[in-house]
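Please open the structure in your viewer and keep the sequence panel beside it. The tour below suggests what to select at each stop and then describes what is there.

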Amino acid sequence: MRTLTFAQALGEAMAEELRRDPSVVLWGIDIGPYGGAFGVTQGLHAEFGPERVIDMPVSEAGYTGCGVGAAATGLRPVIELQFSDWITIASDQLINQAANMRYMFGGLISVPMVLRAPVGGYTSAAAQHTHMFESIFSFVAGLKVVLPSTPHDAKGLLKSAIRDNNPVIFFEHNQLYATEGEVPEEEYTIPLGKADVKREGSDVTIVTYSYMVSKSLAAAEKLAREGIDVEVVDLRTVDPIDEEAIVASIKKTHRLVVVQETWRNCSVSSEVAAIAAEKALDYLDEPVLRVTAHHVPTPFSPVLEEYVLPNEEKIVAAVRRVAGG
Amino acid sequence: MDIPRETLLLMYERMLKVRHFEDRVKDLFAAGEMPGFVHLYLGQEAVAVGACATLNDDDFITSTHRGHGHIIAKGGDVKLMMAELYGKATGYNKGKGGSMHIADPRLGILGANGIVGAGLPIATGAGLSAKLRKSGQVTVCFFGDGASNQGTFHEAINIAAAFDLPVVYVCENNLYAVGTRQSDVRKVEDIADRGVGYAIPGLAIDGNDVIAVYEACKEAVERARAGMGPTLIECKTYRWRTHFEGEPDTYRPPEEVEAWMQREPIAPYRTKLIEQGVLTEAQASKIEADVLAELDGAVEFARQSPHPEPESALEDLWA
């Protein structure tokens, strides 16, 4: 099978949907001839023109809100935020408007829009270009939140997100854009809300998502050499979250480590631990452990950032603790 | 400007409907028949009605927390509105939205909005959508003087101006945002002057003169439909009531309120229509009687309608 980078897979998903459905429109900052800050929209302006691939002014609330209005009136806008940190500026339009509209209006109006945004650290970009806010948006009723970990998943999930009739926030990890993986030539989609077991194992379950999937898989290989067989469950969509997949894996391994790049308080990792406590406590042989960032803003210095964010060693140590019990 | 007779009559009927709807709501709310809280449009009738009279059924509007007038002006069904205000299952939003969140996409009503200034980007997106779909639809965005100080005002109008979007921004300047007199927190006298900053026309007009509102909006709507971009129209008006019902009026001089109530928009318009022979006294009274009868029916419908089933609270989130 051919291989594509994560960025190419995303670009291909958008190109296919632009061709398939005339109501799909892209906008954001620098996504036109410039091709996007991370190159994801490269070539799309040339193929689809300035009426389908639109450069916006620096106005996160403005152009995100335009997405809400356009989605409510017959388009399927796919909006790119240059960095997800700036989603705070757009948040009223996401939280009070997009998420609420269908429900608040008694089902009369739907908001089929996608907001794409790069997330994540490991770049020495300090506290305003690295943070991950998926937990905030998972907390909100009425938004779907997707974080793919491979080129294959990225393409299939983005196509589903664009076709979804609800607002979807699609977070793409900066460390993944250049990674390569197999992507079929033929058409496919991946349903939102379904986790994927990225590595089967029998001793310990790691539930994770986004860039931490590859860190967890690397940790699992190291642990395999110690005789610890790790199962890695990639949530892919954190809202709606795939409870069945989490519970099924716990029933198999009886041990759970949750790996999440960002802060732990009231986060997706808290939710996974709560699901384990509510629905699988009797199957757990050890307390649930979480590997997350320390509760400080992401620091600039590589030394400090390495200390704050999760890494393979921290994951290995956590798995050893639950496996040794 | 030559305004068709049917439009003149429609504006009279719609202004009366807004006035009497709000009068009913005032009394019914005070009597404890409605949950939550309400923001009344009394005194501002000419703005919504004059603006919406220039629109087609499939044109869009975005509305505000003070939205009843806009919904009625765009043709909203007062039965469904009243039932929604009562929180009943038969209301526009099945009791899920209430006074501040009425929408009717069949009439292009993209929703009232409880967040001040949030409608501006949404209206701009509807304008972008109309332009990209080449549908010829125009969007009128209603917002208040308070919203004109939000970042969304500036972001939205800049985008609309940059792309020549078919949007008419209608600012209802009623002098106060809740209890703060806007001249204390804004340097510029006319909000319309802010159009200069975005290279679009900005007009300040008498918002209590329905003909003035109609004429200004008509020209702006035609400009928008012709692909010539957005217009900012500031309508100087006044709300007779406090920000929300039940709020003590500690911040407005009584003589100011009285002076604006003397300048109310409907009675002079009625006189003018009769003087011009558009309407007889008898016809005017008949229109008003019909409006009152329709509102009686709306209140009765709302009162008799069932409450929503509690479990229906879990429906309508996902499409």
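## A tour by selection

Before selecting anything, keep in mind that this is a predicted model.

**Chain A as a whole.** Begin by showing chain A alone, in which there are eleven helices and 14 strands. Along its principal axes, the C-alpha trace of chain A spans about 60 × 40 × 40 Å. The radius of gyration of chain A is 19 Å, which agrees with the value near 20 Å that a compact globule of 325 residues would have. Of the 325 residues in chain A, 59% are buried, and if you consider the contacts in this chain with a separation of 6 or more, 80% of them are made by residues 24 or more positions apart.

**The two domains.** Next, colour residues 3–182 of chain A as domain 1 and residues 196–323 as domain 2, following the domain assignment. The centres of these two domains of chain A, taken over C-alpha atoms, are separated by 26 Å. Where they meet, 25 residues of domain 1 of chain A are in contact with 25 residues of domain 2. On the domain 1 side, the elements that give two or more residues to this contact are helix H5 (134–139), strand S6 (144–146), helix H6 (151–163) and strand S7 (168–173) of chain A. The residues on that side of domain 1 divide into twelve nonpolar, ten polar and three charged.

**A sheet in chain A.** Now select strands S9, S11, S10, S13 and S14 of chain A, which in that order form an open sheet of five strands with mixed pairing. Its edge strands are S9 (196–199) and S14 (289–291) of chain A, each of which pairs on one side only. Neighbouring strands of this sheet are turned against each other by 25° on average, direction ignored. Within the sheet, look at strand S10 (residues 204–208) and strand S11 (residues 230–234) of chain A, which pair in the parallel sense over five bridges; here Val207(A) stands opposite Val233(A) in S11(A).

**Helices across the sheet.** Add H8(A) to the view, and you will find that this helix lies across S10, S11 and strand S13 (256–259) of chain A, running at about 175° to S11(A). Helix H11 (residues 312–323) of chain A can be added as well; H11 lies across S10, S11, S13 and S14 of chain A and runs at about 175° to S14(A).

**Backbone details.** Zoom in on the loop between strand S12 (237–239) and helix H8 (243–253) of chain A, where Pro240(A) is found. A cis peptide bond joins Asp239(A) and Pro240(A), with omega about 0°. Then move to Asp30(A), in the loop between strand S2 (24–28) and helix H2 (44–48) of chain A. Asp30(A) has a positive phi of about 65°, although it is not a glycine. Is Asp30(A) exposed, partly exposed or buried? With 15 C-beta neighbours inside 10 Å, Asp30(A) counts as partly exposed.

**Over to chain B.** Select Asp164(B), which is found in the loop between helix H6 (151–162) and strand S3 (167–173) of chain B. Asp164(B) also has a positive phi, of about 50°, and is not a glycine. With 17 other C-beta atoms within 10 Å, Asp164(B) is partly exposed. For the last stop, select helix H2 (residues 45–52) of chain B, where eight of the eight residues are buried, so this helix is largely enclosed by the rest of the structure. Among the buried residues of H2(B) are Glu45(B), Val47(B), Gly50(B) and Cys52(B).

How values were computed: Residues numbered from 1 in each chain as written. Chains lettered and ligands numbered in written order. Predicted model: local features only at pLDDT ≥ 70, side-chain atom pairs only at ≥ 80, totals over all residues. Helix = DSSP H or I, 4+ residues; strand = E, 2+ residues; numbered from the N terminus. Buried ≥ 20, exposed ≤ 12 C-beta atoms within 10 Å, placed from the backbone. Pairing = 2+ DSSP bridges. Axes fitted to C-alpha atoms, helices over the stretch in contact; angles between N-to-C directions. Contact = placed C-beta atoms within 7 Å. Rg over C-alpha atoms; globule rule 2.2 N^0.38 Å. Domains from an automatic or database assignment. Nonpolar A, V, L, I, M, F, W, Y, C, P; charged D, E, K, R; others polar.
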